[in-house]
Amino acid sequence: INQHCNLLVVTVATKETDGFRRFMRSARHFNYTIKVLGRGEPWKGGDYMTEPGGGQKVRLLKAGLQEMEEDKVVLFIDSYDVVFASGPKELLKKFQQTRHKVVFSAETLIWPDRHLEDKHPHFREGKRFLGSGGFIGYVPNLKEMVADWTGEDSDSDQLFFTKIYINPEKRKSINITLDNRCRMFHNLHGSLDEVVLKFEDGQVRARNVLYDTLPVVIHGNGPTKLQINYLSNYIPTVWTFETGCSVCLEDLRPLSGLKESEYPLVVIGIFIQQPTPFVSVFFETLLKLEYPKNRLKLFIYNQEQHHEVAVSSFLKDHGKEYQDVKVIGPEENMDRVASRNLGLDMCRQDKDCEYFFSMDIEVVLKNKDTLKILIEQNEPIIAPMITREGRLWTNFWGALSADGYYARSEDYVDIVQGRRVGVWNVPYLTKVYLVKASLLHEELSNNDLFSSGTLDLDMAFCHNARNKGVFMYVTNMHTFGRMLSTENYQMSHLHNDLWQIFENPKDWEERYIHENYTKIMRDKLIETPCPDVYWFPLFSDIGCDHIVQEMENFGQWSGGRNTDTRIQGGYENVPTIDIHMTQINYEKEWQKLLLDYIAPITETMYPGYYTKAQFDLAFVVRYKPDEQPFLRPHHDASTFTINIALNQKVLDYQGGGCRFIRYNCSVEAPRKGWALMHPGRLTHYHEGLRTTAGTRYIAVSFVDP
């Protein structure tokens with residue numbers, strides 16, 4: 001018996017599910033010899049939608065035993081929800097130590113007939129009730145045990161074996177006992193709190209803390225499928241501290257070397273369900289995906305009239321680059337659930353479609369290879385992990401609460417923060433994920449996958465996938481991107497994204513701050529065109545354009561008179577034609593700009609001065625030859641002034657610039673998006689030079705008045 005070649009693992013699997021493949025992987029790891037019964041038989045029910053009926057398993061075992069050698073030890077176990085934590089040698093040793101011929105797994109809970117509780121033998125320590133999901137024994141004894149089976153395939157195997165076990169004569173004749181201290185088997189149902197992961201010497205075990213044992217077979221029986229999925233992210237060597245993920249590069253579908261025409265056809269579903277910032281940026285990012293566009297079809301659902309311009313502009317400029325495009329606009333009044341189902345249908349009904357890639361509009365994919373990476377990972381459903389900037393909020397849940405909502409798994413924070421890297425089996429995905437089209441024809445062939453009672457559509461989809469035994473994965477093996485916050489998104493302006501500096505600061509910066517701003521110190525980009533005048537890149541071209549367009553859209557330019565009710569005292573000594581940031585409700589956002597992007601420069605260039613970035617006046621000035629072409633010499637009411645050029649000389653206007661009179665020094669070719677920073681009082685008496693043609697715009701801030 002110590003020779004593990006005498007051990008034969010027998011299981012029943014009518015079809016290869018994700019759970020079965022996981023079982024086989026763990027079995028191969030330990031070199032178990034496996035015999036699979038029931039391949040090709042129709043499914044007859046079971047407790048997990050894809051698992052064979054209990055009676056079906058007994059019938060197949062009874063027939064299979066007739067062909068087995070008498071000296072064999074047979075381990076009969078479920079496979080869809082089982083993983084091995086150790087190998088045959090340890091299992092056989094523990095079996096031999098029981099000194100019984102048949103050993104069943106044990107459970108804390110009695111099922112399916114509670115009335116039989118009193119008939120179960122008592123143990124001094126351990127679990128009393130039989131679990132039929134795993135047992136081990138000699139072939140002759142197992143034959144005797146199942147000899148009287150005449151039931152239907154849908155009958156309960158648990159009840160059948162329980163009645164044998166509680167019959168003293170049969171129990172003695174067959175020589176049956178229970179693994180009541182979980183030395184060989186651990187059934188999770190009713191005993192989840194007994195199990196912890198034990199990481200040791202490059203291997204992961206499930207330790208039973210109640211009995212201080214290390215079971216060999218871990219069974220996620222009953223309603224513990226999510227827990228066995230969690231444990232199998234680690235057991236036996238899937239992920240360890242020594243090796244990281246050991247299976248993440250197995251069974252891949254490589255795309256390198258394929259011709260463009262050989263790439264899998266993907267339908268990308270894009271869902272715009274609420275007012276969302278940076279929609280135009282989403283489509284710019286979509287264009288940059290490293291994937292042949294003639295192998296992509298687009299399904300675009302837009303519920304927001306506000307975003308029609310961005311969608312239409314994208315399709316006008318680039319729609320013909322894709323193999324096909326289908327658009328559902330706000331005028332069709334299609335609800336969210338129907339739109340999701342229709343998107344999947346576009347792939348399901350296309351015989352050439354191999355994947356459906358679902359993306360919500362608030363997803364910011366920074367990795368151009370995301371789609372290829374997900375396809376190559378070759379999982380049934382897989383998501384790239386994306387996070388909310390600066391928070392632990394992601395597009396997956398590591399666990400579910402009892403009522404099916406969010407619960408934090410023990411490893412969630414480590415996964416999110418990158419301390420554990422791999423491909424993780426999780427119960428819930430949202431925002432962005434890839435679905436194999438083969439699922440849509442088999443396990444997920446139901447045309448309504450996004451409805452399930454009171455659950456929202458993403459929870460319903462995941463619930464339906466789990467109920468069909470389909471595994472969902474999230475990968476954090478690469479950095480993929482983030483998701484936007486859609487909270488507090490205003491739609492009352494022309495360019496609403498300008499107001500996103502608080503809610504989505506990273507996206508705001510990428511959109512509106514000059515690409516060279518972060519290189520200012522490293523690459524010494526700050527220039528000194530005049531004494532104590534510093535010149536550096538601040539705004540992107542789009543940032544400049546949006547500010548100018550926002551002001552022109554507002555339109556209430558001042559008359560350039562000394563009387564000005566907008567300022568304290570009502571009198572402006574050196575008036576300009578301008579619009580104040582307060583007039584467009586942008587003063588809080590402007591101050592954050594000054595604090596985040598101007599203050600660090602100030603503190604570097606003016607050592608010992610620490611600004612609070614306070615201002616009374618921040619405004620956009622418009623210079624035109626026939627309106628206000630120049631500004632006479634003056635001091636500013638500030639400790640220092642920021643003067644940002646918002647458009648381009650020669651292209652947009654002629655003339656212009658700023659002359660510092662004391663130094664007889666001029667900046668006559670201001671660069672678009674670059675800021676001039678100079679002292680406001682006493683030393684830097686200055687004037688605005690004449691604009692001779694076109695229209696010149698500058699943004700001015702009198703900081704620390």
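Before you start clicking, one convention: Ala, Val, Leu, Ile, Met, Phe, Trp, Tyr, Cys and Pro count as nonpolar, Asp, Glu, Lys and Arg as charged, and the others, Gly among them, as polar. Keep in mind, too, that this is a predicted model.

**Stop 1: the largest cavity**

Select Trp535, Asn643, Ala645, Gly657, Cys658, Val667, Pro670, Trp674, Leu676 and Arg696, and you have the lining of the largest cavity on screen. By the convention above, that lining splits into seven nonpolar residues, two polar and one charged. Which elements give two or more residues to it? Colour strand 34 (640-645) and strand 38 (674-679) to see them. The volume of this largest cavity is about 60 Å³. Over the whole structure, a search turns up seven cavities of 30 Å³ or more.

**Stop 2: a four-stranded sheet**

Next, bring up the open sheet whose four strands run in the order 33-39-36-37, paired antiparallel. At its edges you'll find strand 33 (631-634) and strand 37 (665-667), each pairing on one side only. On average, neighbouring strands here are turned by 15° against each other, direction ignored.

Zoom in on strand 33 and strand 39 (residues 686-688): the two run antiparallel and are joined by two bridges. Pick His634 and look across to strand 39, where His686 stands opposite.

**Stop 3: an eight-stranded sheet**

Now for the open sheet of eight strands, ordered 16-15-14-17-26-19-27-24, with mixed pairing. Highlight strand 16 (324-328) and strand 24 (423-426) at the edges; each has a single partner strand, so one side of each is left without a neighbour in the sheet. From one strand to the next, the twist averages 20°.

How many bridges join strand 15 (residues 296-302) to strand 16? Count five, with the two strands running parallel. For one pair to click on, take Lys297 and its bridge partner Asp324 in strand 16.

Then add helix 11 (residues 370-377), which packs on this sheet. Helix 11 touches several strands, including strand 14 (265-272), strand 17 (353-360), strand 26 (432-436) and strand 27 (472-475). Another strand it touches is strand 19 (381-384), and the direction of helix 11 makes about 145° with that of strand 19.

**Stop 4: two helices packing**

Select helix 10 (residues 336-348) together with helix 14 (residues 457-467). Their axes are 10 Å apart and the helices pack at an angle of about 45°, which means helix 10 is oblique to helix 14. To see the contact itself, show side chains for Arg336, Val337, Arg340 and Leu344 in helix 10, which meet Leu457, Asp458 and Phe461 in helix 14. What kinds of residue make up this contact? There are four nonpolar, no polar and three charged.

**Stop 5: backbone oddities**

Finish in the loops. Go to Pro112, in the loop between strand 5 (102-107) and strand 6 (129-138). The peptide bond leading from Trp111 to Pro112 is cis, with omega near 5°.

Where is Pro236? Look in the loop between helix 7 (225-231) and strand 12 (239-240). Here the peptide bond from Ile235 to Pro236 is cis, and omega is near -5°.

Last pick: Phe278, in the loop between strand 14 and helix 8 (279-287). Although Phe278 is not a glycine, its phi is positive, at about 60°.

Technical notes: Residues numbered from 1 in each chain as written. Predicted model: local features only at pLDDT ≥ 70, side-chain atom pairs only at ≥ 80, totals over all residues. Heavy atoms only, no water. Axes fitted to C-alpha atoms, helices over the stretch in contact; angles between N-to-C directions. Parallel < 35°, antiparallel > 145°, perpendicular 65-115°, else oblique. Contact = heavy atoms within 4.5 Å. 1 Å grid on protein atoms, 1.4 Å probe; cavity = no way out; pocket = protein on both sides within 12 Å on 5 of 7 lines; lining within 4 Å. Points joined across faces, edges and corners; volume = space filled by probe spheres on them. Pairing = 2+ DSSP bridges.
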